[in-house]
Amino acid sequence: MTIIYMLLTISLFVAIVFFVLFVFSVKKGQYDDTYTPAVRMLFEDELVKEGKQPKNEGLKNKPSEKNEITNPDK
């Protein structure tokens with residue numbers, strides 16, 4: 001029975017250490033995403049659904065040749 005208490009104590013200690021290290025790494029910015037903002041301009045914009053009107057009404061809602069290739073459902 002003593003070994004169970006010892007193993008529980010050790011496992012709680014290890015869990016607390018990992019939690020503290022995780023919090024420390026989050027505060028230091030280890031998990032900040034620095035790659036996605038740099039390549040965001042390379043991603044294609046979402047296609048406008050047919051039921052929605054574009055914000056700028058002066059532009060026609062005509063799909064470009066590139067969109068027709070990537071979206072064969074139309």
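Here is a short conversation about the predicted model shown above.

Reader: Before we start, what should I know about this model?
Author: Happy to help! Residues are numbered from 1 along each chain as its sequence is written, and side-chain values use heavy atoms, leaving out hydrogens and water. This is a predicted model, where local features need pLDDT of at least 70, side-chain atom pairs count only at pLDDT 80 or more, and totals for chains, interfaces and linings use all residues.

Reader: How many helices and strands does the chain have, and in what order do the elements run?
Author: Helices (H or I, at least four residues) and strands (E, at least two) are DSSP runs, numbered from the N terminus. The chain has three helices and zero strands. From the N terminus on, the order is α-α-α.

Reader: How far apart are the end C-alpha atoms of α1?
Author: The expected span of a helix is 1.5 Å times one less than its number of residues. For the 26 residues of α1 that gives 38 Å, which agrees with the model, because the end C-alpha atoms are also 38 Å apart.

Reader: Which residues does UniProt list as "transmembrane region"?
Author: The entry is unreviewed, and such annotations may be inferred rather than shown by experiment; positions are given in the numbering used here and feature names are shortened. In the model, the listed stretch is 100% helix and 0% strand, with its end C-alpha atoms 30 Å apart. UniProt gives residues 6-26.

Reader: Is Ser25 buried or exposed?
Author: Ser25 lies in helix α1, residues 2-27. Buried means under 20% relative accessible area, exposed over 50%, and partly exposed in between (1.4 Å probe, protein chains only). Ser25 has 16% relative accessibility, so this residue counts as buried.

Reader: Which backbone oxygen does the side chain of Ser25 reach?
Author: Leaving aside residues up to four places away in sequence, Ser25 touches Gln30 and Tyr31, where contact means heavy atoms within 4.5 Å. At 2.8 Å, the side chain of Ser25 also reaches the backbone oxygen of Phe22.

Reader: What kind of aromatic pair do Phe22 and Tyr31 form?
Author: Rings of Phe, Tyr and Trp (its six-membered ring) pair if their centres lie within 6.5 Å; planes under 30 degrees apart count as stacked, over 60 as edge-to-face and the rest as tilted. The count comes to one aromatic pair. The ring centres of Phe22 and Tyr31 are 5.9 Å apart and the planes lie at 45°, so the pair is tilted.

Reader: Is Phe22 partly exposed or buried, and is Tyr31 exposed or buried?
Author: Phe22 has 43% relative accessibility, so Phe22 counts as partly exposed. Tyr31 has a relative accessible area of 55%, so Tyr31 is exposed.

How values were computed: Polar contact = N/O pair within 3.5 Å; in protein donor to acceptor, adjacent residues only side chain to side chain.
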